[in-house]
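Visitor: Could you take me through one part of this model up close, and then show me what else is worth a look? I'm happy with the jargon, so just walk me round.

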Amino acid sequence: MYQQAYRRKLTTADQAVEAIKDSATIVHGMANGEPPALLGAIARRVRQGDLKDLHIFTFLAMANAAATILSPDLAGLIHNHCWFVTGAERDQVRTGKHLFVPNQFHQIPRLIRDFMEVDVTVTTVSPMDRAGFFSFGTVNDFITTAARHCGRLIVEVNRHMPRVFGDSLLHVSEVDAIVEHDAPLAELIPAAPKPEAEIIGRHIAAMVPDGATIQLGLGGIPNAVCRHLESHKDLGIHTELLCPGMVHLIKKGVITGRRKNRHPRKHVFTNALGDRELYEFIHDNPSMESYPVSYTNDPAVIAANDNMISINSTLEVDLLGQCNSEYLGGFEFSGTGGQLDYVRGAFNSKGGKSIIAFYSTTYGGEVSRVVPRFAAGTVTTTPRMDTHWLVTEYGAVNLMGKSTCERAMEIIKLAHPKFRDSLMEEARRMGLA
């Protein structure tokens, strides 16, 4: 019965997008959820003059979107609204050709459900099982909500997309059209570790108790943290992003999830991005569970696990303890993402810690990431009243409960020594010393 429904809905990418009309609002899967055949078919219709004035919503746009719907020659015909800026959109956002939509990641499903009218949702899914279910695979985030709150749902079946459990299943009866297109998933290979990352990794690992539940992002510092957690016991995962370092710790028996309050023995995430080993590991693995970002990033849900440790990064910190993690050179560089969600959730967890880690300098050591105050117009990602632990290669400081003057003195200790005198002088001018 399900195979009959599948064959009845199976079509080509060009035919699947024929029903899209001018001025339609389209939401597509993020990262490896970007469906290359469908996005390419939409872009072709626009280039042929057959479709115009589209409004497309993106998050963490990657190569497939960049090569199709976000191509610069389509900027006047496709209006891109991005919830998180990447290199695929950065120049267009800077010139106002693409629009940035401020948000907290966990709120995007509600924006879709209550504040938008989505005409079409397109996303990549895993092959259908014998019960008629696809899986959203490495992505869940907001696409599971968009799939069920749209006028037309088109899926692109890719045999490389892993089948993932949790709230990640989509029945063939919910789908309007099916396209088959096999394409390798994008892999994110970790860069060689910096010496500073190893130092920061040791600092943070020492702050993580056995039995803690952790959240990590991507990059050199999270990878270093994972390397220094290898002697820990019974860690758990409740994270926005599942990364290769976490899979390594699961395989070594460090991460078991046995002491989690919610979803014990299950590894919970909303997105997974990494290498082929990660994708193969999560495929058809009953210990891996994916949920919508409205659940994984809900601060109250995050706080429900005792000893919740969130580890995030930032671009710069001022002497008041504010963190700018998204604004660079006077323009939006990325987005808030889930940082504030986990900062607040982890702090409210019994025994929890919110940790924001960063290198003390940038541009080859010539620019301090600890600044007296942010430049005019710079946005604050994590407000000063939410900042808990800050960590650099020079140590770790806890800002909670400290006065503005005490905070400034603690933060200066995290700066590179060659910038500390000038920061202290600025602190005096600001009445903080």
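Guide: Let's start at His267, which sits in strand 14. Keep in mind that this is a predicted model. With a relative accessibility of 4%, His267 counts as buried, because the cut-off for that label is under 20%. What does His267 touch, once its neighbours within four places in sequence are left aside? The list runs Ile237, Ile250, Ile255, Thr256, Gly257, Ser287, Met288 and Glu289. Ile237 deserves a second glance: Ile237 and His267 are 30 residues apart along the chain, yet their C-alpha atoms are separated by 5.0 Å.

Now widen the view to the strand itself. Strand 14 is joined to strand 16, residues 288-290, by three bridges, and the two run parallel. Within that pairing, Val268 stands opposite Glu289 of strand 16. Glu289 also turns up among the contacts of His267. Add strand 8 and you have an open sheet of three strands, ordered 8-16-14, with parallel pairing. Strand 8 (165-166) and strand 14 (267-269) are the edges; each has a single partner strand, so one side of each is left without a neighbour in the sheet. As a reminder for reading any such sheet, side chains in a regular strand alternate between its two faces.

Over to another set of strands, with strand 5 (residues 118-125) as the one to follow. Seven of its eight residues are buried, so strand 5 is mostly covered. Strand 5 has parallel partners to look at. One of them is strand 1, residues 25-28, joined to strand 5 through three bridges. There, His28 has Val122 of strand 5 as its bridge partner. Another is strand 7, residues 150-157, where seven bridges make the link to strand 5. In that pairing Val125 stands opposite Val157 of strand 7.

Next, the helices. A packed pair is described by the angle between the axes and the distance between them. Take helix 8 (residues 195-205) and helix 9 (residues 220-227): their axes come within 8 Å and cross at roughly 55°. That angle makes helix 8 oblique to helix 9. On the helix 8 side, the contact involves Ala197, Glu198, Ile200, Gly201 and Ile204, while helix 9 brings Gly220, Ile221, Ala224, Val225 and Arg227. The crossing is right-handed.

Further along the chain, helix 15 (residues 404-414) packs with helix 16 (residues 417-429) at about 165°, with the axes 10 Å apart. Helix 15 is therefore roughly antiparallel to helix 16, as the line for that label is drawn at over 145 degrees. Their crossing is right-handed too. Here Met409, Ile412 and Lys413 of helix 15 meet Arg420, Leu423, Met424 and Ala427 of helix 16.

Last stop, the cysteines. How many disulfides does the structure hold? Zero. Cys243 is a handy case to check: the nearest cysteine sulfur belongs to Cys226, 4.8 Å away. A disulfide needs the sulfur atoms within 2.5 Å, so Cys243 is in no disulfide. Is Cys243 buried or exposed? Its relative accessible area is 1%, so Cys243 counts as buried.

Note on methods. Residues numbered from 1 in each chain as written. Predicted model: local features only at pLDDT ≥ 70, side-chain atom pairs only at ≥ 80, totals over all residues. Heavy atoms only, no water. Buried < 20%, exposed > 50% of the residue type's maximum accessible area, 1.4 Å probe, protein only. Pairing = 2+ DSSP bridges. Helix = DSSP H or I, 4+ residues; strand = E, 2+ residues; numbered from the N terminus. Axes fitted to C-alpha atoms, helices over the stretch in contact; angles between N-to-C directions. Parallel < 35°, antiparallel > 145°, perpendicular 65-115°, else oblique. Left-handed = near helix turned anticlockwise from the far one by under 90°. Contact = heavy atoms within 4.5 Å.
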